[in-house]
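User: I would like to learn how to read a protein model. Could you walk me through this one?

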Amino acid sequence: MEQAVDRQTGKRCRGFLSSSLASAHACGICSLRQLKPDERQNHLGQHILRWLLGMGDLLNIHLSDYPCGFCGGSDCQLAMKGQKWTSTCSLSYNFRASTAGQSTDKRPSSNIPIICKLDGCREVHWKYNFPKHLEKRHAGWQDTIMPSFVNELQVSDEEQRRIGIRDDLRRPWLVVPVTGSKRTLSDISNITGPPTTKRKT
Ligand SMILES: [Zn+2]
Ligand SMILES: [Zn+2]
Ligand SMILES: [Zn+2]
């Protein structure tokens, strides 16, 4: 396994996780060994969000900028095949994105593959990796992003709470400035309503 040293703590870390660290029934991040194959996306999603928001339970692990939603590794790729996403992860499986993309008490993580709708980009990324993608590939995205797409990328406070993010670490997921003020994703969803309706101003 490749090792890296955390620059801040000096601890020796896994430089990356790969799907080879996990078997079909074991999580490659925690020691859970009874993972149902179709629970993997939800289970790993919770690890990834906790790591991204600085919860301290994964301090000895370094995830990459674009951790795979099935295994947490850095070497799995998402792509589009026609209208469907595919993954090179050996632990990938098909799931209904419309269901998996909804955070519930039973399945709190909404981390699903999403096609980037900015500037004809069409790259596919896991939802939780989009802030990184937007920063790296779409400078000034705050000015051009469509409210409906912001809604699609939303990770609500409720979802963060369900995943056990502490009060002081929960935060608005993406912040889009509007005429001198800041509005958050939840503000935008209040303003625009469901995608099929247009609210008069
Ligand atoms: Zn785990
Ligand atoms: Zn993977
Ligand atoms: Zn993009």
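Analyst: We will look at confidence, then the cores, a helix and a few loop residues. Please keep in mind that this is a predicted model.

User: Glad to start there. What does the protein chain average in pLDDT?

Analyst: The protein chain averages a pLDDT of 81, and 76% of the residues score at least 70. Some stretches call for caution. Over residues 1–20 the pLDDT stays under 50, and the model has 39 contacts for them beyond four places in sequence. Residues 186–201 also have a pLDDT below 50, with 14 contacts beyond near neighbours in sequence.

User: Now the inside. Which residues have the most contacts inside the largest nonpolar core?

Analyst: The general idea comes first: in soluble globular proteins, nonpolar side chains tend to be buried together. Here the largest nonpolar core has 17 residues, and those with the most contacts inside it are Ile48, Cys68, Phe70, Cys71, Cys76, Cys89 and Tyr128. Helix α1, residues 40–52, gives the most to this core, with four residues. Another core lies apart from it and has eight residues, including Ile114, Leu134, Val150 and Leu153.

User: Then let us turn to that helix. Is α1 mostly covered or mostly exposed?

Analyst: A general point helps with any helix: an α-helix has 3.6 residues a turn, so residues three or four places apart point the same way. In this structure α1 is mostly covered, as eleven of its 13 residues are buried. Among them are Leu44, Ile48, Leu49 and Trp51, along with Arg40 and Arg50. Part of what covers the buried residues of α1 is α2, residues 97–100. From its first C-alpha to its last, α1 reaches 18 Å, close to the 18 Å expected at 1.5 Å a residue. Just after α1, Gly54 takes a positive phi of about 85°.

User: Which residues other than glycine have a positive phi?

Analyst: Two to look at are Asp119, with phi near 50°, and Arg122, with phi near 60°. Asp119 lies in the loop between β5 and β6 (124–126), and Arg122 is found in that loop too. Asp119 counts as exposed because it has 11 C-beta neighbours inside 10 Å. Arg122 is exposed, with 10 other C-beta atoms within 10 Å.

User: And where is Gly101 found?

Analyst: Gly101 sits in the loop between α2 and β5 (113–115). With 16 other C-beta atoms within 10 Å, Gly101 is partly exposed. Leaving aside neighbours within four places in sequence, Gly101 is in contact with Ser110 and Ile112. The C-alpha atoms of Gly101 and Ile112 are separated by 5.9 Å, although these residues are eleven residues apart along the chain.

How values were computed
Residues are numbered from 1 along each chain as its sequence is written. Chains are lettered from A and ligands numbered from 1 in the order in which they are written. This is a predicted model: local features need pLDDT of at least 70, side-chain atom pairs count only at pLDDT 80 or more; totals for chains, interfaces and linings use all residues. A nonpolar core is a set of buried Ala, Val, Leu, Ile, Met, Phe, Trp, Tyr and Cys residues joined through C-beta atoms within 7 Å. A residue is buried if 20 or more other C-beta atoms lie within 10 Å of its own, exposed if 12 or fewer, and partly exposed in between; C-beta atoms are placed from the backbone. Helices (H or I, at least four residues) and strands (E, at least two) are DSSP runs, numbered from the N terminus. The expected span of a helix is 1.5 Å times one less than its number of residues. Two residues are in contact if their C-beta atoms, placed from the backbone, lie within 7 Å. pLDDT is the predictor's confidence in each residue, from 0 to 100.
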